[in-house]
Amino acid sequence: MGLCEGRVVIVTGGGRGLGRAHALAFAAEGARVVVNDLGVGLDGAASGESPAGRVVEEIRAAGGEAVAHGGDIATGEGAASLIATALDTYGRLDTLVNNAGFLRDRMLVNLGEDDWDAVMRVHLKGHFLPLRHAVAHWRAEAKAGREVSARIVNTTSGAGLSGSVGQGNYAAAKAGIVGLTLVAAAETGRYGVQVNAIAPAARTRMTEQVFAGLEGVPEDVSPLVVWLGSAASAGVTGRVFEAEGGRITVMEGWRPGPTADKGGRWTPAEAGEAASRLLAEAEEPGAVYGT
Ligand SMILES: NC(=O)c1ccc[n+]([C@@H]2O[C@H](COP(=O)([O-])OP(=O)(O)OC[C@H]3O[C@@H](n4cnc5c(N)ncnc54)[C@H](O)[C@@H]3O)[C@@H](O)[C@H]2O)c1
């Protein structure tokens with residue numbers, strides 16, 4: 001028996017790179033998969049391709065079940081029709097993997113408003129909208145008295161966790177996805193939904209030019225995503241993992257460090273002295289990528 005036998009899984013941006021590897025890995029564990037991909041170029045511009053259909057063919061050729069969805073997950077219509085495709089085709093939905101996205105890298109001083117909006121939209125809104133529609137379905141299931149063992153796996157990035165020079169828009173969107181993950185985990189646990197995030201690293205078209213030294217391939221990241229998306233990960237929610245090659249790391253996030261309480265209001269000079277003392281006791285932050 002595969003780890004995901006009987007489950008229905010959506011993978012956004014499943015036509016290429018990491019999403020394709022996730023879709024194939026879920027199918028290999030017995031899931032029926034909705035492969036979403038808008039088929040855009042590296043910067044989000046239309047490319048005329050339909051990679052989701054190719055991945056569906058690959059899954060079927062291997063004896064699995066899959067259906068393609070070619071909509072834009074960052075639109076209300078695209079996100080709603082994506083969830084509807086799972087329900088209309090297979091009658092259920094168990095796992096949503098939010099993965100689609102693209103880059104528009106520029107130094108902040110040169111970053112245009114369009115490049116800011118496009119990247120915030122595809123990653124942050126492109127996570128929120130499918131999540132919202134999926135959770136509405138699962139809440140209705142839970143309220144109808146049916147057992148829900150639902151999973152959402154979001155995709156953040158080292159850029160979102162540590163910062164990355166030349167990726168201000170992307171780092172902000174990916175950091176936002178961590179906040180969204182924490183809130184979604186806290187709000188939806190009562191309906192039987194678990195929400196986690198991964199920060200992957202693998203050679204894909206997105207990284208081959210910028211981070212030529214990456215060793216891992218997408219297929220190395222997918223096993224963790226499949227486990228997080230399966231019933232076997234019961235009890236794991238609101239967590240962030242890094243995955244690259246054969247390495248899996250649990251990320252430990254912001255938490256209070258050295259602290260001082262005057263019991264009243266500081267003057268600016270006093271606040272500065274206190275902050276300096278506390279900084280001397282605190283751990284140095286990790287390096288921003290690209291510095
Ligand atoms: N490759 C890495 O090392 C790496 C590192 C950190 C984070 N990530 C993240 O992993 C995810 C996958 O990246 P990848 O490297 O596989 O990139 P990729 O370009 O190979 O694949 C992304 C896919 O998303 C699709 N897509 C883009 N916009 C879409 C939209 N609006 N609706 C539906 N589909 C859309 C594209 O057509 C493409 O097929 C992204 O969120 C990326 O930011 C990747």
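In this predicted model, β1 and β4 run parallel and are joined by 3 bridges. One contact between these strands sets valine 11 against its bridge partner in β4, valine 97. Strand β1 covers residues 8–11, and both of its faces are covered. Val8 and Ile10 lie on one side, Val9 and Val11 lie on the other, and all are buried. In a regular strand the side chains alternate between the two faces of the sheet.

β1 also pairs with strand β2, residues 32–36; these strands run parallel, with 4 bridges between them. Valine 9 stands opposite valine 33 of β2. The chain passes from β1 to β2 through α1, and this β-α-β crossover is right-handed.

Strand β4, residues 95–97, pairs with β5 in the parallel sense over 3 bridges. Here threonine 95 is placed opposite arginine 151 of β5. Together with α4, β4 and β5 form a right-handed β-α-β unit.

Strand β5 spans residues 150–155, and 6 of its 6 residues are buried. Ala150, Ile152 and Asn154 point one way from β5, while Arg151, Val153 and Thr155 point the other way. Arg151, the residue opposite threonine 95, is thus named among the buried residues of β5. On to β6, β5 runs parallel and is joined by 6 bridges. Valine 153 stands opposite asparagine 196 in β6.

β6 in turn pairs with β7, again in the parallel sense, over 5 bridges. Alanine 201 has glutamate 244 of β7 as its bridge partner. The path from β6 to β7 goes through α7, and this β-α-β crossover is left-handed. By contrast, the β1-α1-β2 crossover is right-handed, and so is the unit made by β4, α4 and β5.

β7 and strand β8, residues 247–250, pair in the antiparallel sense over 4 bridges. Alanine 243 stands opposite isoleucine 248 of β8. The hairpin of β7 and β8 has 2 residues between the strands, and in it glycine 245 takes a positive phi near 55°.

The strand pairs are listed below.

| Strand pair | Sense | Bridges |
|---|---|---|
| β1 and β2 | parallel | 4 bridges |
| β1 and β4 | parallel | 3 bridges |
| β4 and β5 | parallel | 3 bridges |
| β5 and β6 | parallel | 6 bridges |
| β6 and β7 | parallel | 5 bridges |
| β7 and β8 | antiparallel | 4 bridges |

For the protein as a whole, the secondary structure comes to 8 helices and 8 strands. The radius of gyration is 20 Å, close to the 19 Å that the globule rule gives for 291 residues, so the protein is as compact as a globular protein of that length. Taken along the principal axes, the C-alpha atoms fill a box of roughly 70 × 45 × 35 Å. Of the 291 residues, 43% count as buried.

A domain annotation comes from the record. An unreviewed UniProt entry places the feature "domain: Ketoreductase" at residues 7–201. Over residues 7–201 the chain is 49% helix and 16% strand, and the end C-alpha atoms are 26 Å apart.

The model also holds a ligand. There are 32 residues around the ligand, and Gly13, Gly17, Gly101, Thr204 and Met206 come nearest. The elements that contribute two or more residues to this shell are α1 (17–28), α4 (113–143) and β6 (193–201). The largest share, 3 residues, comes from α1, the helix through which the chain crosses from β1 to β2. By class, the shell has 13 nonpolar, 15 polar and 4 charged residues.

Two loop residues are buried. Aspartate 72 is in the loop between β3 (65–69) and α3 (76–90). Aspartate 72 counts as buried because 21 other C-beta atoms lie within 10 Å, where the cut-off is 20 or more. Aspartate 72 and threonine 12 are 60 residues apart in sequence, and their C-alpha atoms are 9.2 Å apart in space.

Threonine 237 is in the loop between α7 (218–228) and β7 (240–244). With 20 other C-beta atoms within 10 Å, threonine 237 is buried as well. The C-alpha atoms of threonine 237 and glycine 70 are separated by 29 Å, and these residues are 167 residues apart along the chain.

How values were computed: Residues are numbered from 1 along each chain as its sequence is written. This is a predicted model: local features need pLDDT of at least 70, side-chain atom pairs count only at pLDDT 80 or more; totals for chains, interfaces and linings use all residues. A residue is near a molecule or strand if its C-beta atom, placed from the backbone, lies within 6 Å of it. Ala, Val, Leu, Ile, Met, Phe, Trp, Tyr, Cys and Pro count as nonpolar, Asp, Glu, Lys and Arg as charged, and the others, Gly among them, as polar. UniProt positions are given in the numbering used here, feature names are shortened, and annotations may be inferred rather than shown by experiment. A residue is buried if 20 or more other C-beta atoms lie within 10 Å of its own, exposed if 12 or fewer, and partly exposed in between; C-beta atoms are placed from the backbone. Two strands pair if DSSP finds at least two bridges between them. A crossover is right-handed if, with the strands pointing away from the viewer, the path from the first strand over the helix to the second runs clockwise. The radius of gyration is taken over C-alpha atoms; the globule rule is 2.2 Å times the number of residues to the power 0.38.
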